Amino acid sequence: MKEPIFYSIPNFHINTIELWYPIKVDMEDIASFPILFHLLMKTNYNYKTEESFQKELLRRYIRNIGVERASYGKQEFLKFYMVLPDQSVIQDVDINNCLDFFLETIYQPNIVDSTFPQDDFEREKEQLKKVYDNSIKNRNQYTIRQVIKQVDTDGFLKMGVFHHPEMIDLLTNEQLYQCFNKYIVNKKPMIFLAGHESIKSLIPRLKEYFKKSELMPINQESNCYLKRQNGPLEMVEKKPYQQSTLAVVYKIPDMKAEEQLKFFVMKNILSSNSSKLLFEKLRTEAGLVYSTNVDSYSHFGMIILYAEFEKNSKEEVLSIIKDVVHSLQDNSVIEDRLELIKEGKRINLLRQKDSFGSILADKIESYLGLETTLEEDYQIIKNYKVEDISEFSSRLQLDFVYYLEGDIHE
Amino acid sequence: MNKYVLENGLTIYCYVDKEKHSTQVNLVIRYGATYSDFLINGKQIHVKDGMAHFLEHFLLEHGSHGVIFSELNKLQMTSNGATSDIYTNHYFNCVEKLEQGLEILLTSIHTPEWTIDNIDETKKAIYEEIRRSLDNKYRRANNVIVHNSFVNIPYINGLGSIEDVENINLETAKLCYDAFYQPSNEFIVIAGNFDEDKVVNDIKKIYDQLYFSNHQVELIKINEPNQVRKDFEEIIMPTGRTVLEIAYKINHSHYTDLEQYKMDFYNHIMIEMNFGVSSSFYKKLIENKVITGNIGVSTRNLFDFSIVVFHVMTEQEEVFKDALEDTLHNLVYDPEWFQLYVNQLKMTVGLRKDSINSITGSFIQNVLSFNYEKLDEVDVLEKFNLEECKSFYNNIDFSNKTIVRIINND
């Protein structure tokens with residue numbers, strides 16, 4: 001992609017600019033990203049204090065500005081975004097002025113002698129350590145960490161500070177600056193503008209700004225279907241919580257890229273707006289839980305089913321979860337639910353039109369070849385037969401059961 | 001927003017936006033978690049915490065249509081219920097079949113199947129919800145703050161304790177239901193793309209088929225002093241870092257509804273000006289390494305009081321407390337920042353029309369908290385001024401506070 005792309009989405013009162021930088025993260029950089037994001041979004045070279053930076057955001061009517069790491073399987077991006085109100089809401093918004101600020105914030109950070117201000121750097125490191133320390137005491141986040149540690153046979157899902165907290169202390173200010181250079185400086189992002197026609201006027205400026213930058217390739221191999229893990233099938237821990245948590249992991253190691261939508265349907269039968277098979281069995285029928293959750297890792301061929309409950313129910317909950325997954329091979333269980341999911345996809349095509357973010361994400365992800373559009377998905381899903389899904393589901397393999405027993409009762 | 005009042009006392013508010021593709025329906029009952037003491041036909045009733053929330057669950061699961069969200073999900077509607085301090089909200093969002101959605105929700109909520117088995121079944125999921133909330137340190141701290149803030153009012157939280165819920169019996173639950181779930185105590189807010197006249201007519205027809213007990217209900221107001229019950233408590237539970245929550249109890253009964261409506265906005269501005277990144281309070285604490293991240297500030301109106309809570313992770317508690325006290329007794333009113341934050345609020349309000357959820361959510365809050373039956377408007381915000389803001393805060397008494405410290409149990 002060489003040229004900025006504009007998407008007309010005129011039924012809302014905002015305009016956005018998004019810059020997507022394809023990245024391939026090295027282990028040495030994993031602590032850099034969360035700290036870099038904070039430092040870039042609090043100050044820049046011209047506005048060196050949080051106060052002055054905040055003042056500029058408000059003065060220029062910038063609704064939102066930020067950066068995040070966006071993952072599509074093994075393909076990752078740094079996504080910088082800025083959201084502005086349209087002039088029909090705020091007459092005084094000057095989009096050129098806002099673009100200046102956006103580009104300064106990304107490319108002219110508050111850096112002196114190739115380092116960020118040492119006090120700011122140390123503060124952000126300390127803050128990240130606090131976030132990490134709190135996460136491992138949070139029952140849900142701890143559970144996810146323990147599960148991923150065991151089942152991620154590729155190592156990709158563990159590429160973050162929550163699996164490698166030691167990287168926080170090892171990080172130096174110089175390394176942080178090197179990370180900034182490596183992933184952002186002189187790199188040309190994919191540029192997307194969306195909203196009203198007025199924002200198109202920024203395209204020539206953006207083309208000029210990035211004309212000498214290096215365009216980074218997108219790694220089209222975003223899929224990495226995880227193998228069976230070699231460790232124990234079950235792990236049990238005890239912690240001082242009120243509730244206990246079960247996480248049950250299933251994989252389809254021989255999954256293929258063209259089966260993504262079957263995976264989507266299977267997951268949606270278990271847990272979605274159109275079908276709540278797991279919830280119905282565990283809560284409505286058995287009364288054992290308040291809520292259930294199914295995390296789907298479609299690019300990795302893995303689903304994780306979660307339930308939280310009082311500890312004496314563990315065996316019953318686990319048995320029900322296994323029965324539910326096994327029942328996905330039963331056409332009589334799937335039949336009506338498949339029809340609901342097809343209908344749900346059709347309805348979502350309409351519902352999506354009320355969400356600016358959803359419309360834009362659909363367009364960008366399709367353009368970059370990361371996902372198919374909702375419309376394309378619907379055209380495929382509506383032709384699925386029950387056997388397509390039951391056969392696919394029969395290839396689910398139980399990979400790991402993690403039980404975190406809460407041993408406190410009040 | 002157009003208003004209709006039916007003969008039975010039900011109020012319907014309609015906000016039509018033909019550019020939207022979906023419609024949101026909220027059935028709001030003026031019965032919330034804090035309603036523990038009332039007169040029903042002259043007889044004094046006291047219920048423990050958790051009754052309003054219990055009824056929310058019971059009605060969603062045991063109405064004439066069975067489990068409401070299952071039925072609505074089959075029609076591809078998203079739905080849920082929520083109980084707040086002063087109201088219960090049953091709602092759904094649909095793209096098609098609005099008439100069917102109304103029939104299911106309104107009929108089912110108003111035709112519950114009162115059996116002891118249904119009562120007992122409902123309790124099971126709530127027990128798990130309570131246990132889950134007790135594993136969340138911020139919710140635990142919130143319970144303690146509320147309990148310690150009030151001397152004569154025994155309310156702690158909307159879920160109740162497990163014992164409170166265990167003791168709910170059919171007779172009392174039905175009595176509360178009959179008393180509060182009456183058309184004159186309800187209102188419906190509908191926003192999105194729909195035929196206004198038809199919908200009002202449909203709702204009228206549905207209610208004409210329903211039966212309501214005609215109870216006279218009067219809430220009993222308990223006299224509550226300005227002082228707190230207890231000024232400090234420590235909670236020992238899993239947490240990565242020690243958390244400090246400092247809550248101020250502020251009597252706001254002398255403000256009119258309109259003043260309280262305006263204060264809701266002024267509070268946002270005052271919090272940003274005095275405790276946000278632009279404030280001297282924040283800058284000093286950062287420079288002196290007392291904090292490494294933002295300070296959380298929340299406000300909640302309970303009975304005749306505002307409870308303003310400051311959340312922080314710090315190892316220099318006394319320094320933080322002194323700085324906080326100093327700031328509260330020397331509030332800053334900076335004209336430039338004031339105008340910038342007013343502009344930010346104007347932008348927020350101006351952009352609300354992009355989301356019907358935002359429209360209905362803020363409107364419901366206006367009606368229930370301030371008897372303000374209007375949408376927020378930019379024109380009103382434009383009249384906000386610093387002198388008026390000062391007049392609201394000049395005589396606030398910050399002397400009544402309670403502190404909670406959460407420490408790790410390792």
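In the predicted model, the sulfur of Cys14(B) lies 13 Å from the closest cysteine sulfur, that of Cys94(B), which is too far for a bond. A disulfide is a covalent bond between the sulfur atoms of two cysteines. With a cut-off of 2.5 Å between the sulfur atoms, the count over all chains comes to 0 disulfides. Cys14(B) is nevertheless a buried residue, with a relative accessibility of 2%. In chain A, Cys98(A) is likewise buried, at a relative accessibility of 0%.

The overall architecture of each chain was examined next. Chain A contains 15 helices and 12 strands. Its radius of gyration is 24 Å, which agrees with the value near 22 Å that a compact globule of 410 residues would have. Along the principal axes, the C-alpha atoms of chain A occupy a box of roughly 60 × 50 × 40 Å. Of the 410 residues in this chain, 59% count as buried. Among contacts in chain A with a sequence separation of 6 or more, 82% involve residues 24 or more positions apart.

Chain B, for its part, is built from 15 helices and 14 strands. The radius of gyration of chain B is 23 Å, close to the 22 Å given by the globule rule for 410 residues, so the chain is as compact as a globular protein of that length. A box of roughly 65 × 50 × 40 Å, taken along the principal axes, is filled by the C-alpha atoms of chain B. Buried residues make up 58% of the 410 residues of chain B. When contacts in chain B between residues at least 6 apart in sequence are considered, 81% of them connect residues at least 24 apart.

Surface and charge were computed for both chains. The accessible surface of chain A amounts to about 16,900 Å², and 47% of this area belongs to carbon and sulfur atoms. For chain B the exposed area is about 17,000 Å², with carbon and sulfur atoms supplying 45%. Chain A carries 52 positive and 63 negative charges, whose mean positions are 1 Å apart. In chain B there are 38 positive and 60 negative side chains, and the centres of these two sets lie 2 Å apart.

Individual residues illustrate the local surroundings. Arg123(A) is located in helix α4 of chain A, which spans residues 118–135. Despite its charged side chain, Arg123(A) has a relative accessibility of 9% and therefore counts as buried, since the limit for burial is under 20%. The C-alpha atom of Arg123(A) is separated by 9.5 Å from that of Ile35(A), a residue 88 positions away along the chain. Beyond residues up to four places away in sequence, Arg123(A) touches Lys42(A) and Glu50(A), together with Tyr282(B), Ile286(B), Ile291(B) and Thr292(B) of chain B.

Ile291(B) also appears among the contacts of a residue in chain B, Val312(B). Val312(B) belongs to strand β13, residues 305–312, and is buried with a relative accessible area of 6%. Apart from residues up to four places away in sequence, Val312(B) touches Thr242(B), Val243(B), Leu244(B), Ile291(B), Ile295(B) and Phe320(B). A separation of 8.0 Å was computed between the C-alpha atoms of Val312(B) and Asn294(B), which are 18 residues apart along the chain.

Two further positions in chain B were considered, one in a loop and one in a strand. Thr34(B) lies in the loop that joins β3 (23–29) and β4 (37–40). Its relative accessible area is 10%, and Thr34(B) is therefore buried. Neighbours within four places in sequence aside, Thr34(B) is in contact with Asp85(B), Ile86(B), Tyr155(B), Leu302(B) and Phe303(B).

Ser79(B), in turn, is part of strand β6, which covers residues 78–83 of chain B. At 16% relative accessibility, Ser79(B) counts as buried. Excluding residues up to four places away in sequence, the contacts of Ser79(B) are Phe69(B), Leu72(B), Asn73(B), Tyr91(B) and Phe92(B).

Technical notes:
Residues numbered from 1 in each chain as written. Chains lettered and ligands numbered in written order. Predicted model: local features only at pLDDT ≥ 70, side-chain atom pairs only at ≥ 80, totals over all residues. Heavy atoms only, no water. Helix = DSSP H or I, 4+ residues; strand = E, 2+ residues; numbered from the N terminus. Rg over C-alpha atoms; globule rule 2.2 N^0.38 Å. Buried < 20%, exposed > 50% of the residue type's maximum accessible area, 1.4 Å probe, protein only. Contact = heavy atoms within 4.5 Å. Areas by Shrake-Rupley, 256 points an atom, 1.4 Å probe, with all protein chains shown as cover. Charge placed at Lys NZ, Arg CZ, Asp CG, Glu CD.
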